[in-house]
Amino acid sequence: MNLTSIIKRALAGELGPDPVRERVSTAFTTRQGVRHDSRRRGYRNHVVSLRVGRAVGSCAVEPGEVADEIVEECAGVAVADLLLHPVPAVRVATLDAYLMSARAHWGERVTVAAGTSLEKSLARAAAVVDLLPAGTERVLVVGVVNSVLHRLRERGVRYVPCDLKGGYTEWGEPVTADAARALGACDAVLASGMTLGNGSFETLLEHARAHRKPLVMFAQTGSAILPRFLGWGVTAVSAEPYPFFWLDGGDTVLFRYRERA
């Protein structure tokens, strides 16, 4: 069970309508720059999004990683063709939209209440951190989100921040770029759905399976994909379909999933 096997099943029509007949109607990129009040550091988000029927699937990418022309050329193209696209972000966004179109989110509905950008970020982070098992002492956080680290600090949970960009956290802690080396020192993993697009998800999944280690995903990228891995290495998912909390000051929604005991 991995991303490749899910794509193969989708191509065979096992997970929804015939992907040859389903087409992407809209293709777009969302760009955001943010620096919350009271925070010293800002960051940027670039997200590739494709629409199939009533659903929008998304995959976050590094700024400038995927050209606008590549995204825009996806409009009108069959899902089956885009599931074989050479750009990983396009494949992930297509699969996300296709699965969500075939079956809408069914998890626990959580409202991220209206508020400032920082208030909403902290509220989303609380909903994510709540998915960690009780008694978690040290967690590897893959995809550094300072609000998530803030909530972990509040709860006294030690963490190892990891991000391909490296750098430092809001509190001056060094961020490792090598998740594989840090996995053994942690008793749980909390990872961004962006790992689906950059190829690091499989490493986390294999480690979680081999060591029976909790793997919790917070997913704007692949929100409809990752719940499929529950019971196959993933223990819980915070799934947040487009539009994300940072796009709207009003109420927004995410869905939480937990592995059945």
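**Exercise 1. The crossing of α5 and α6**

Task: In this predicted model, determine the hand of the crossing of α5 and α6, and which residues make the contact.

Solution:
1. The crossing of α5 and α6 is right-handed.
2. Helix α5 covers residues 117-129 and helix α6 covers residues 146-154; their axes lie 8 Å apart, at an angle of about 60 degrees.
3. Angles of 65 to 115 degrees count as roughly perpendicular and those under 35 as roughly parallel. The two helices are therefore oblique to each other.
4. From α5 the contact takes Leu118, Ser121, Leu122, Ala123, Ala125, Ala126 and Val129, and from α6 it takes Ser147, Val148, His150, Arg151 and Leu152.
5. Sorted by class, the residues of this contact are 8 nonpolar, 3 polar and 1 charged.

**Exercise 2. The buried side of α6**

Task: State which residues of α6 are buried and which elements they pack against.

Solution:
1. Asn146, Ser147, Val148, Leu149, Arg151 and Leu152 are the buried residues of α6.
2. These buried residues pack against helix α5 and against the strands β5 (138-142), β6 (158-162) and β7 (188-192).
3. After α6 comes Gly156, with a positive phi near 75 degrees.

**Exercise 3. The crossing of α1 and α4**

Task: Find the hand of the crossing of α1 and α4, and the class make-up of their contact.

Solution:
1. The axes of α1 (residues 3-11) and α4 cross at roughly 55 degrees and come within 11 Å. The angle makes α1 oblique to α4.
2. The crossing of α1 with α4 is left-handed.
3. In α1, the residues Leu3, Ile6, Ile7 and Ala10 meet Val92, Leu95, Tyr98 and Leu99 of α4.
4. The contact of α1 with α4 has 8 nonpolar residues, no polar ones and no charged ones.

**Exercise 4. The nonpolar cores**

Task: Give the number of residues in the largest nonpolar core, and name the helix that gives the most to it.

Solution:
1. The largest nonpolar core has 56 residues, and Leu95, Leu140, Phe201 and Leu215 have the most contacts inside it.
2. Helix α4 (residues 88-102) gives the most to this core, with 9 residues.
3. A second, separate core has 17 residues, including Val128, Val216, Phe218 and Ala236.
4. Leu215 touches, among others, Val189, Phe201, Leu204, Leu205 and Ala236, leaving out residues up to four places away in sequence.
5. As background, nonpolar side chains in soluble globular proteins tend to be buried together.

**Exercise 5. Three positions compared with their surroundings**

Task: For Leu190, Gly193 and Glu62, decide whether each is buried, partly exposed or exposed, and list contacts.

Solution:
1. Leu190 lies in strand β7. Leu190 has a relative accessible area of 0%, so it is buried.
2. Beyond four places in sequence, Leu190 touches Val128, Leu132, Val139, Leu140, Val141, Val142, Val148, Val216 and Phe218. The C-alpha atoms of Leu190 and Ala126 are 13 Å apart, with the two positions 64 residues apart along the chain.
3. Gly193 sits in the loop between β7 and α8 (195-198). Gly193 also has a relative accessible area of 0%, so it is buried.
4. Gly193 touches Met217, Phe218, Ala219, Thr221 and Leu226, not counting residues up to four places away in sequence. The C-alpha atoms of Gly193 and Ser58 are separated by 9.9 Å, although the residues are 135 apart along the chain.
5. Glu62 belongs to the loop between β3 (55-61) and α2 (68-72). Its relative accessible area is 26%, so Glu62 is partly exposed.
6. Glu62 touches His46, Lys165 and Met194, again not counting residues up to four places away in sequence. Glu62 and Lys165 are 103 residues apart in sequence and 9.5 Å apart from C-alpha to C-alpha.

**Exercise 6. Unusual backbone angles**

Task: Identify which peptide bond is cis, and which residue has a positive phi although it is not a glycine.

Solution:
1. Most residues other than glycine have a negative phi, and most peptide bonds are trans.
2. The peptide bond from Tyr242 to Pro243 is cis, and its omega is near 5 degrees. Pro243 is placed in the loop between β9 (236-239) and β10 (252-258).
3. Arg212, not a glycine, has a positive phi of about 50 degrees. Arg212 lies in the loop between α9 (201-211) and β8 (215-219).
4. The relative accessible area of Arg212 is 78%, so this residue is exposed.

Technical notes: Residues numbered from 1 in each chain as written. Predicted model: local features only at pLDDT ≥ 70, side-chain atom pairs only at ≥ 80, totals over all residues. Heavy atoms only, no water. Axes fitted to C-alpha atoms, helices over the stretch in contact; angles between N-to-C directions. Helix = DSSP H or I, 4+ residues; strand = E, 2+ residues; numbered from the N terminus. Parallel < 35°, antiparallel > 145°, perpendicular 65-115°, else oblique. Left-handed = near helix turned anticlockwise from the far one by under 90°. Contact = heavy atoms within 4.5 Å. Nonpolar A, V, L, I, M, F, W, Y, C, P; charged D, E, K, R; others polar. Core = buried A, V, L, I, M, F, W, Y, C linked by side-chain atoms within 4.5 Å. Buried < 20%, exposed > 50% of the residue type's maximum accessible area, 1.4 Å probe, protein only.
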